[in-house]
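Hi everyone, thanks for coming. I'd like to walk you through a model and then take your questions.

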2 protein chains.
Amino acid sequence: MNKDSNIKIYEVGLRDGLQLESKILTVDEKMELFLILQKANVDDMEFGSFVHPKLVPQMANTAEFYRQIQNYKNQENLTALVPNLKGLEMAKEVGVTSVNYVFSASDTHNQQNVRKTTKESIESLEYLSQFASDHNIKLNVTIATSFGCPFEGNIPQERIMNILENLLSYNLNKITLADTTGMANPKQVYQLTKEVITEWKNFNLGCHFHNTRGMGLANILASLESGITTIDASLGGIGGCPFAPGATGNVCTEDVVHMLEEMGVNTSINLDRLIQASHKLAELLGHELPGQVAKAGKSSKLYPIPKSTLI
Amino acid sequence: MNKDSNIKIYEVGLRDGLQLESKILTVDEKMELFLILQKANVDDMEFGSFVHPKLVPQMANTAEFYRQIQNYKNQENLTALVPNLKGLEMAKEVGVTSVNYVFSASDTHNQQNVRKTTKESIESLEYLSQFASDHNIKLNVTIATSFGCPFEGNIPQERIMNILENLLSYNLNKITLADTTGMANPKQVYQLTKEVITEWKNFNLGCHFHNTRGMGLANILASLESGITTIDASLGGIGGCPFAPGATGNVCTEDVVHMLEEMGVNTSINLDRLIQASHKLAELLGHELPGQVAKAGKSSKLYPIPKSTLI
């Protein structure tokens with residue numbers, strides 16, 4: 001990678017992170033976090049989702065939260081997840097101008113989430129993209145389980161290529177390949193992203209990784225090697241895995257930013273303030289978070305010389 | 001990396017891992033672990049250290065432990081850490097045939113550990129290597145803080161190259177570059193290991209990483225890219241960091257093996273049995289370990305389809 005590269009971080013903690021937490025944060029609590037993230041220059045974020053409040057009560061205050069944050073920054077950088085037209089309509093009602101439509105590359109996983117096959121979810125883009133275009137809403141797509149499905153196992157690379165080909169006719173702002181349950185390995189990540197980038201140079205392509213099996217940062221490294229420049233990450237590494245108690249979740253924003261900055265890659269994010277945001281999040285949730293830099297401090301942090309140490 | 005590559009894992013859990021645990025394992029407990037590691041085909045390991053028992057009580061039973069394990073496998077694969085001639089003599093007394101001499105690239109860190117400058121530690125190799133050679137003991141060297149010192153900060157690459165040049169005249173079996181407190185980043189790892197491998201092609205060079213800031217597996221990936229084929233790892237990821245409470249320790253053996261096997265890289269280790277060893281270690285120590293694959297299961301593990309899931 002070039003020393004002068006710039007990587008864009010897409011913060012998903014307020015949505016993908018919080019949606020699995022047992023404690024539901026109030027709008028005021030989310031605002032506390034948001035304001036620290038603002039100071040840390042975290043520009044681009046998924047701030048919530050328009051889904052059924054009974055299914056995801058953690059996101060029930062998404063509309064109210066948006067009304068408070070919309071004046072703080074460029075609205076185009078505030079994205080809401082929508083699973084269907086109903087969600088898109090709700091987003092439009094409160095004035096959201098950027099949405100992320102998520103479906104899964106695995107039919108089984110997609111059926112579980114939205115009661116549709118992958119093909120049916122793609123076909124829905126016909127009216128979703130029309131609606132988005134009619135209301136000047138930027139439409140992004142995330143393809144869940146792109147690197148493996150916890151029910152079906154391996155997802156052939158060819159299937160992802162076919163899905164992407166089917167998405168080409170819609171006016172999409174960005175497409176994100178998501179490793180929803182942390183199954184990807186760096187070799188696989190490099191191969192898939194390299195093939196996609198080689199085939200469609202003009203795609204605005206992002207990657208979304210989980211750290212479930214410890215490979216999160218290694219997978220990011222592999223994706224950057226093939227030319228990816230937008231990376232999802234979640235403050236504190238929250239997000240968990242509904243199937244594996246004790247397993248960690250999304251890649252941790254401050255750990256990602258720390259690695260990149262140490263490598264001389266610019267993210268435009270203020271790491272010290274980001275770590276403050278992570279400490280605030282841990283305080284609000286009332287438990288320790290998986291992220292490691294917030295505990296260990298930056299690599300550049302020096303320690304006083306103790307009286308004795310061990311080898 | 002070539003799909004057919006083979007990577008050798010050097011297990012350090014019984015030494016670097018256990019030495020920071022508050023619970024001291026008995027010889028019987030260490031034997032329980034050792035026998036599972038045997039079944040998992042973990043061939044090469046650092047089983048203990050010959051240091052002052054008051055300084056590191058966790059290692060006080062190293063000689064007795066060695067007497068029990070020496071008949072189970074090729075003795076050349078059972079390595080003990082020695083900080084000085086006294087340690088080397090103790091190792092020789094019980095018949096150890098492979099030792100690892102550790103000193104630090106940082107003068108400050110080395111002074112803390114062994115009351116010597118780096119130069120003085122290297123000069124000690126004069127009589128250490130003579131003694132090892134006289135008694136048919138394989139001599140390995142680990143250079144601690146090769147990627148940064150918690151007291152001094154950055155360690156210039158030139159300093160590591162100079163240290164290595166000074167080591168060339170001794171008959172060393174292997175030299176390991178250690179990131180003792182988890183400060184390395186993948187770019188730095190690639191640059192340093194690439195330079196060393198380019199300069200001295202015939203060095204038997206290994207790498208030792210900590211996961212203190214989440215970069216452990218990413219750093220391993222970077223080292224493999226430049227041609228490293230021997231990697232230190234610690235069962236369950238134990239090892240901690242004396243300066244950062246809550247921070248994780250060494251890279252976790254089962255997480256490393258899992259990533260490599262998923263990438264098609266052979267380690268000759270039986271991952272399922274290795275995970276059993278990690279569970280046993282957690283049971284013996286009485287606390288959760290940092291390793292993630294032992295909690296989340298392998299990527300290839302499939303789950304039954306639940307009644308409902310979230311996006």
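I'll start with confidence, then go through the strands, one helix, the contact between the chains, and two loop residues.

Please keep in mind that this is a predicted model. Chain A has a mean pLDDT of 94, and 95% of its residues reach 70 or more. For the complex, the predictor gives an ipTM of 0.95 together with a pTM of 0.96.

Let's go to the strands of chain A. Please find β4, residues 98-104. How many of the residues of β4(A) are buried? Seven of the seven, so this strand is largely enclosed by the rest of the structure. You can check that face by face: A:Ser98, A:Asn100, A:Val102 and A:Ser104 are buried on one side, and A:Val99, A:Tyr101 and A:Phe103 are buried on the other.

Now for the neighbours of β4(A). Strand β3(A), residues 78-82, runs parallel to β4(A) and is joined to it by three bridges. If you want a spot to look at, A:Leu81 stands opposite A:Asn100. β4(A) also pairs with β5(A), again in the parallel sense, over seven bridges. There, A:Tyr101 has A:Val141 as its bridge partner.

β5(A) itself covers residues 138-144, and six of its seven residues are buried, which leaves the strand mostly covered. From β5(A) we can step on to β6(A): those two run parallel and are joined by four bridges. One pair to look for is A:Asn140 with its bridge partner A:Lys174 in β6(A).

Next, a helix. α9(A) has 14 residues, and at 1.5 Å a residue they should span 20 Å; the end C-alpha atoms are 20 Å apart, which agrees. Buried residues in α9(A) include A:Pro186, A:Tyr190, A:Leu192 and A:Val196. What covers the buried residues of this helix? From chain A, the cover includes α8, β6, β7 and α10, and from chain B it includes α10 (216-225).

That brings us to the contact between the chains. Here 53 residues of chain A are in contact with 53 residues of chain B. On the chain A side, α5, α9, α10, α11 and α13 each supply at least two residues. Which helix gives the most? That is α11(A), with four residues. In character, the chain A side divides into 28 nonpolar, 20 polar and five charged residues.

How do the two copies relate? A turn of 180° with a shift of 0.0 Å along the axis lays chain A on chain B, with an RMSD of 0.0 Å. The two copies are therefore related as by a two-fold rotation axis. Among the residues of chain A, A:Ala218 comes closest to that axis, with its C-alpha at 2.0 Å. Both copies use the same surface, too: 100% of the contact residues of chain A recur in chain B.

Last, two loop residues. A:Asn41 is not a glycine, yet it has a positive phi of about 65°. You'll find A:Asn41 in the loop between α2 and β2 of chain A. A:Asn41 is partly exposed, with 14 other C-beta atoms within 10 Å. The other residue is A:Arg115, also not a glycine, with a positive phi of about 55°. A:Arg115 sits in the loop between α5 and α6 of chain A. Is A:Arg115 buried or exposed? A:Arg115 is exposed, with 10 other C-beta atoms within 10 Å.

That's my tour, and I'm happy to take questions.

How values were computed. Residues numbered from 1 in each chain as written. Chains lettered and ligands numbered in written order. Predicted model: local features only at pLDDT ≥ 70, side-chain atom pairs only at ≥ 80, totals over all residues. Contact = placed C-beta atoms within 7 Å. Nonpolar A, V, L, I, M, F, W, Y, C, P; charged D, E, K, R; others polar. Least-squares fit on C-alpha atoms with pLDDT ≥ 70 in both. Expected span 1.5 Å × (residues − 1). Buried ≥ 20, exposed ≤ 12 C-beta atoms within 10 Å, placed from the backbone. pLDDT = per-residue confidence, 0-100. Pairing = 2+ DSSP bridges.
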